[in-house]
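Hi everyone, thanks for coming. I'd like to walk you through a structure that will be new to most of you, so have a look at it first.

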Amino acid sequence: MTQQNVVVSDTKPRIKRAVSVAQKPVTVPGRYIQYSYPRSRRVLKNLEINGEQRINSWVDSMRASSPTHAKSTLSLAEEQYTSWILRHPSALDMFEQIVDASQGKQIVMFLDYDGTLSPIVNDPDCAYMSDSMRKTVRNLARCFPTSIVTGRCIEKVYNFVQLAELYYAGSHGMDIKGPSKSFKFNKDKKSEEVLFQPASELLPLIAEVYQELVEKTKSTVGARVENNKFCASVHFRCVDEKKWSELAQQVRSVLKEYPKLRLTQGRKVLEVRPTIKWDKGKALEFLLQSLGFANSSDVFPIYIGDDKTDEDAFKKLIDRGQGLGILVSKFPKETSASYSLQEPNEASIISLFHRLLHHHS
Ligand SMILES: [Mg+2]
């Protein structure tokens, strides 16, 4: 019962999914819900010692006095969480395995912004990043090439992050900029500010659709349209759930006039973006290429994100057989990320960064 979680290992350059050979509880102090058997089961386990007859009488008594439906729902949720966390263990718990897998390789960091470096807040204009997070990301960027990969436009995310040493892939990777020359890892490259804008010809169209979305959704209380340059985001964090279908109808009615644009969904946000096949995964690949790691096996990309759009990047890492994805989530979620970090995320993300920095120095 005391065996450790193990990672099926590093004969290939990528970390495979963690495989648990025993039920080791997750032991991040104060972060994870410690799994304990539901009380009824513990009682049963103890009772087994005393023979079957007594178990039956206990179970009868439990049935008579307990809200069994609520209990079974709770235990199901606990079991789901336990089974999920075994498949996607905490990146902090698996730190030694991360270090082993990245040995001799260049770590490259890819970080989502909202819900990863900053908390999810009601007003998207107030999704501030803390000073301690900023300081840690700055230190991280001194050791490893570091990129912000976000749905927001570069200008907005830069206002929050304010670090010139980073790469920025804004608008879901449709607008990519590198750091100024003095911060570049790859100093041979020319310091062109704009690296890539695969949908630049659609900029006027997005500006137009943004205006129409503002107009069309203004009757829905709480709806908020954000112009993210290469995509228009309709936030519904503050919209009453009863009005969600009305809002979806409004967005759809605008979208049907624009065959070059499509709708995607994130956490409390509908997003209208170009139909081109470009996403955070493609952005990750493009950035690795521009850092000179296109065909290299000596690179170890780490991508941290919390949303559906980050799944494209997690999948890309699996396709490449390199590095690993870390999903920030409070709840079990279907994901292609290998590992997880529990929300509230700031302390656990800063802790992971500190450990990476400490190990690197
Ligand atoms: Mg996010």
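**Starting from one lysine**

Let's begin with Lys 280, which is buried, with 26 other C-beta atoms within 10 Å. One thing to keep in mind before I go on: this is a predicted model.

So where does Lys 280 sit? You'll find Lys 280 in helix H9. And which residues does it touch, once we leave aside its neighbours within four places in sequence? Those are Val 149, His 172, Gly 173, Thr 309, Asp 310, Asp 312 and Ala 313. Take Asp 310 from that list: it's 30 residues away from Lys 280 along the chain, yet their C-alpha atoms are separated by 6.4 Å.

Two others on that list, Asp 312 and Ala 313, take us to the next helix, H10. Helix H9 covers residues 280-290 and helix H10 covers 311-320, and their axes are 6 Å apart, at an angle of about 50°. Anything from 65 to 115 degrees would count as roughly perpendicular, and under 35 as roughly parallel, so H9 and H10 are oblique to each other. On the H9 side, the contact is made by Lys 280, Gly 281, Leu 284 and Glu 285, and they meet Asp 312, Ala 313, Lys 315 and Lys 316 of H10. What kinds of residues are these? The contact has 5 charged residues, 2 nonpolar and 1 polar.

Now back to His 172, another contact of Lys 280. His 172 lies in the loop between S5 and strand S6 (175-177). With 26 C-beta neighbours inside 10 Å, His 172 is buried too. It has a positive phi of about 55°, although it isn't a glycine. For background, most residues other than glycine have a negative phi.

Gln 162 does a similar thing: it's not a glycine either, and its phi is positive, about 55°. Is Gln 162 buried or exposed? It's exposed, with 11 other C-beta atoms within 10 Å. You can find Gln 162 in the loop between helix H6 (154-161) and strand S5 (167-170).

Next, helix H8, residues 244-255. H8 has 12 residues and spans 16 Å from its first C-alpha to its last, close to the 16 Å expected at 1.5 Å a residue. Which of its residues are buried? Leu 247, Gln 250, Val 251 and Val 254 are. They cover an arc of only 95° around the axis, so they're on the same side of H8. As a reminder, an α-helix has 3.6 residues a turn, so residues three or four places apart point the same way. Turn H8 around, and the face away from the buried side carries exposed residues: Ser 245, Gln 249, Arg 252 and Ser 253. And what do the buried ones pack against? Helix H7 (203-217), plus strands S9 (232-235), S10 (261-266) and S11 (269-274).

Helix H4, residues 95-102, has its own buried set: Gln 97, Ile 98, Ala 101 and Ser 102. Their arc around the axis is only 125°, which puts them on the same side of H4. Just after H4 comes Gly 104, with a positive phi of about 75°.

Let me finish by zooming out. The protein has 11 helices and 14 strands. Of its 361 residues, 39% count as buried. And if you take the contacts with a separation of 6 or more, 58% of them are between residues 24 or more positions apart. Lys 280 and Asp 310, 30 residues apart along the chain, are one pair in contact.

Conventions. Residues are numbered from 1 along each chain as its sequence is written. This is a predicted model: local features need pLDDT of at least 70, side-chain atom pairs count only at pLDDT 80 or more; totals for chains, interfaces and linings use all residues. Axes are lines fitted to C-alpha atoms, for helices over the stretch in contact, and angles run from 0 to 180 degrees between N-to-C directions. Helices (H or I, at least four residues) and strands (E, at least two) are DSSP runs, numbered from the N terminus. Angles under 35 degrees count as roughly parallel, over 145 as roughly antiparallel, 65 to 115 as roughly perpendicular and the rest as oblique. Two residues are in contact if their C-beta atoms, placed from the backbone, lie within 7 Å. Ala, Val, Leu, Ile, Met, Phe, Trp, Tyr, Cys and Pro count as nonpolar, Asp, Glu, Lys and Arg as charged, and the others, Gly among them, as polar. The expected span of a helix is 1.5 Å times one less than its number of residues. A residue is buried if 20 or more other C-beta atoms lie within 10 Å of its own, exposed if 12 or fewer, and partly exposed in between; C-beta atoms are placed from the backbone. The arc is that of the directions from the helix axis to the C-beta atoms.
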